[in-house]
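Hi,

Here is the model I said I'd pass on. Have a look at it first, and my notes follow underneath.

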Amino acid sequence: TDSGGLVDDAGGGSDDTGTPDAGVEVYPAEAKLTRGPWLGSVAQGVVTVRWETDRAAVPAVKLGGAASWTITGTSEPFTFKVGIDAREVSRVQHSVTLDGLPAGQSVGYELPDLKAPVTASFVTAPATPKPFRFAVYGDTRPAGPYLEENAKHLELATAMAAEQPDFYIHTGDLVFSGGMEGE
């Protein structure tokens, strides 16, 4: 489903009886978040929110505030192989582009169509350029197969967070082997 824009949430994509509008795909809210959300395609007044689920779900982001709006986007199913037995795993990646956002403000949002809805926020780019702080880190894969066993990584990540950067950039080599779905 891709409405390409804002849908007044007072109707919630249905008429006043709660019956979905014709042509609107409805999935039971049973999808589980498997990755994300993360932000991409950031520009002045524009942010794309992406996340991954274990099954089909409505690709919707609900913005709060005085007027509640739901913006729909796109979903793309994919499969990948994982583990030493190379078993095939199916997932769905969702993407919603939020446009017309206020400059330099915190924006709260919800991913409502999940078994356990997710709430998060981000800060939009300022209207005029200003200094900012960021942290760059890479090659965070641990020496052992589990990240929590790597004390040096935790020490460095804690030190970076204490600096309160405006955002983080990870340069790659994120996991030890990539053979475990959790990684």
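**What I found**

Gln164 is exposed, at 64% relative accessible area (buried means under 20%, exposed over 50% and partly exposed in between, with a 1.4 Å probe and protein chains only). Gln164 sits in the loop between helix 1 (151-162) and strand 11 (167-170), and its phi is near 50°, a positive value in a residue other than glycine. Helices (H or I, at least four residues) and strands (E, at least two) are DSSP runs, numbered from the N terminus.

Before the rest, some housekeeping. This is a predicted model, so local features need pLDDT of at least 70 and side-chain atom pairs count only at pLDDT 80 or more, while totals for chains, interfaces and linings use all residues. Residues are numbered from 1 along each chain as its sequence is written, and side-chain values use heavy atoms, with hydrogens and water left out.

On confidence: pLDDT (the predictor's confidence in each residue, from 0 to 100) averages 78 over the chain, and 72% of the residues score at least 70. Strand 3 has the highest mean among the elements, 94, and strand 1 (residues 6-8) the lowest, 33. Be wary of residues 1-24: pLDDT stays under 50 there, and the model has 32 contacts beyond four places in sequence for that stretch (contact means heavy atoms within 4.5 Å).

Now the sheet. Four strands form an open sheet in the order 2-3-7-6, with antiparallel pairing; two strands pair if DSSP finds at least two bridges between them. Strand 2 (33-43) and strand 6 (74-82) are the edges, each pairing on one side only. Strand 2 is joined to strand 3 by six bridges, and Arg35 has Glu52 in strand 3 as its bridge partner.

Strand 2 has a couple of oddities. Pro37 lies in this strand, and the peptide bond between Gly36 and Pro37 is cis, with omega about 0°. Ser41 is in strand 2 too; its phi is also near 50°, positive in a residue other than glycine, and it is partly exposed at 49% relative accessible area.

Lastly, the largest nonpolar core (buried Ala, Val, Leu, Ile, Met, Phe, Trp, Tyr and Cys joined through side-chain atoms within 4.5 Å) has 17 residues, of which Val61, Leu98 and Leu111 touch the most other members. Strands 3, 4, 7, 8 and 9 each supply at least two residues of this core. Leaving out residues up to four places away in sequence, Leu98 touches several residues, including Val47, Val61, Ile71 and Phe122.

Cheers
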